[in-house]
Amino acid sequence: MRRIGFLVVAALFLFSTLGAHAQCGVERWSVKTGTDPGAPNVSLSTYISTTIYNMWSSTKPASLPANSRLSPRETNQYRITGTLTKYARESDSDYHLVIQDGSGRTMIVEIPSPNCVGAGSPFITGIRNARNEFDAKLTATTSFKTVSAPVAIRGVGFWDFLHGQTGVAPNGIEIHPVLDIAFTGTIVQSEPGVVAQATHPPVALPEDMVEDNDGGRVEVYRGRKTVTDEVLYHGGAVIEQPRLRIVFAGEIDVATKASAVAAARALTLDRRTRELERYGVRTASVTIDSEDVAAGFSADATDLDVQRMLANAVESGRIQHVDDSVITVVVVPADARIAVGTTTDWSSYHSLFHPTEIGMPYVVVKGGSTLRDAMFASVARTMIDPKGDGWF
């Protein structure tokens with residue numbers, strides 16, 4: 001083990017073997033699909049009738065465990081009615097549905113792909129049923145479609161992390177998985193590209209904000225502006241004492257590794273980094289162990305694969321994840337084609353996911369001539385926008 005100054009640098013050659021496979025989610029996936037230990041205790045023979053207002057009124061738990069349920073919302077089946085206003089098929093294979101009540105309150109209900117539900121889930125029959133019911137009426141694609149369709153939904157409650165999802169309830173409550181969906185009235189489908197303004201207006205996203213792979217939003221850095229112009233502050237929570245862990249994913253040459261480490265060290269000396277102190281970010285010197293671990297890498301990957309790689313590294317002990325102030329920077333080859341949603345046009349991006357109850361802010365940056373500016377842009381953004389959603 002060796003030790004270095006300023007931000008943490010752990011040089012890891014990590015990446016799970018990624019092939020052509022159905023994409024499934026990562027965060028709290030066992031709870032979403034019913035393979036967690038508590039799923040058999042959810043009664044599917046009864047349900048509680050509720051409303052979007054009632055679900056909005058629920059107090060969000062202080063923490064969300066990765067593999068266990070929180071009573072009472074996640075241990076009961078609910079029936080809820082509303083108007084389906086938007087729907088899409090996410091990259092994690094879920095159908096992301098937005099339902100709305102008469103007062104304009106919205107919440108998300110999701111139908112996983114049966115192919116992403118593990119063996120033994122008590123929810124699999126209902127999930128297949130709900131997918132079939134939906135597919136008989138509408139066709140979900142990777143782009144959000146607008147519709148006005150009264151529905152009655154039955155499914156299990158679920159607490160999600162807030163990351164800019166379209167239609168999300170303010171507290172992150174969802175129905176996930178949906179086990180039954182009944183279309184109870186006339187379906188009014190907008191023409192492709194036409195938004196039904198009366199039901200659910202679109203959100204105008206900034207130029208470098210993109211839909212991610214599981215329904216949220218992510219900021220990407222494309223190098224189209226100066227780095228300083230790219231860093232905007234919203235007035236919310238920051239990472240007060242950030243540290244950095246560098247993960248080399250794939251075939252990274254010695255020069256790129258050296259450039260990445262040098263760029264990380266240079267961050268503490270960069271006046272632009274010091275300017276973030278006005279927002280409460282402290283860049284004091286710290287020292288943490290580094291280590292090397294080797295594995296394979298496929299350039300044809302998605303952001304979900306990045307999350308899965310990091311989650312596997314935490315589970316196996318290759319990454320010690322005990323502090324949400326550590327920013328994990330994944331350096332990939334310059335020609336990597338990692339898709340963030342449908343976008344591969346980026347030099348770096350930053351996001352947040354939860355391999356455990358503790359969130360992991362992370363940056364993905366391509367090697368090459370733009371590495372230094374791209375690393376600064378996304379790391380600086382992470383310091384002042386840890387969720388990675390651009391405050392949307």
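This talk goes through the cores, the disulfide, some salt bridges, one histidine and one helix of a predicted model.

Some ground rules before that. Residues are numbered from 1 along each chain as its sequence is written, and side-chain values use heavy atoms, with hydrogens and water left out. Since the model is predicted, local features need pLDDT of at least 70 and side-chain atom pairs count only at pLDDT 80 or more, while totals for chains, interfaces and linings use all residues.

I start with the cores. A nonpolar core here is a set of buried Ala, Val, Leu, Ile, Met, Phe, Trp, Tyr and Cys residues joined through side-chain atoms within 4.5 Å. Buried means under 20% relative accessible area, exposed means over 50%, and partly exposed is in between, with a 1.4 Å probe and protein chains only. The largest nonpolar core has 30 residues. Leu84, Leu97, Met107, Phe134 and Ile175 have the most contacts inside that core.

Which elements supply at least two residues each? They are helices H2 (52-56) and H3 (124-135), together with strands S4 (77-89), S5 (95-100), S6 (106-111), S7 (145-159) and S8 (173-183). Helices (H or I, at least four residues) and strands (E, at least two) are DSSP runs, numbered from the N terminus.

Take Ile175 as an example. Leaving out residues up to four places away in sequence, Ile175 touches Met55, Tyr78, Ile80, Met107, Ile108, Val109, Glu110, Ile153, Gly155, Val156 and Gly157. A contact means heavy atoms within 4.5 Å. There is also a second, separate core of 28 residues, and Ala264, Val281, Ile327 and Met383 are among them.

Next, the disulfide. A disulfide is a covalent bond between the sulfur atoms of two cysteines. The cut-off used here is a pair of cysteine sulfur atoms within 2.5 Å. How many does a search of the whole structure find? It finds one. The partners are Cys24 and Cys116, with their sulfur atoms 2.0 Å apart. Cys24 lies in the loop between strand S2 (12-13) and helix H1 (29-33), and Cys116 in the loop between S6 and H3, so the pair ties together parts that are 92 residues apart in sequence. The torsion about the S-S bond of Cys24 and Cys116 is about -80 degrees, so this disulfide is left-handed. Cys24 is buried at a relative accessible area of 15%, and Cys116 is buried at 7%.

Now salt bridges. A salt bridge is a side-chain nitrogen of Lys or Arg within 4 Å of a carboxyl oxygen of Asp or Glu. The structure holds 12 salt bridges, and I will cover three pairs.

The pair I take to begin with is Arg381 and Glu219, at 3.8 Å, N to O. Arg381 is in helix H8 (residues 371-384) and Glu219 in strand S11 (residues 217-221), 162 residues apart, so to speak of distant parts of the chain is fair. Arg381 counts as buried at 3% relative accessibility, and Glu219 counts as buried at 10%.

Another pair is Asp345 and Arg222, whose side chains meet at 3.4 Å, N to O. Asp345 is in the loop between strand S14 (326-332) and strand S15 (348-353), and Arg222 is in the loop between S11 and helix H4 (227-230), 123 residues apart. Are these two buried or partly exposed? Asp345 counts as partly exposed at 44% relative accessibility, whereas Arg222 counts as buried at 16%. Asp208, Arg222 and Asp345 are linked in a network of salt bridges.

The remaining pair for today is Asp323 and Arg243, at 1.9 Å, N to O. Asp323 lies in the loop between helix H7 (303-316) and S14, and Arg243 in strand S12 (residues 243-248), so the pair ties together parts that are 80 residues apart in sequence. Asp323 counts as partly exposed at 24% relative accessibility, and Arg243 is buried at 17%.

On to the histidine. His350 lies in strand S15 and is buried, with a relative accessible area of 0%. What does His350 touch, not counting residues up to four places away in sequence? The contacts are Val218, Glu219, Tyr362, Val363, Ser378, Arg381, Thr382, Asp385 and Gly388. Glu219 and Arg381, from the salt bridge at 3.8 Å, are both in that list. A polar atom of the His350 side chain lies 3.4 Å from the backbone oxygen of Asp385.

Last, helix H8. H8 has 14 residues and reaches 20 Å from its first C-alpha to its last, close to the 20 Å expected at 1.5 Å a residue. That expected span is 1.5 Å times one less than the number of residues. Of its 14 residues, 12 are buried, so H8 is largely enclosed by the rest of the structure. The buried ones include Ser378, Arg381 and Thr382, which also appear among the contacts of His350.

Key
Polar contact = N/O pair within 3.5 Å; in protein donor to acceptor, adjacent residues only side chain to side chain.
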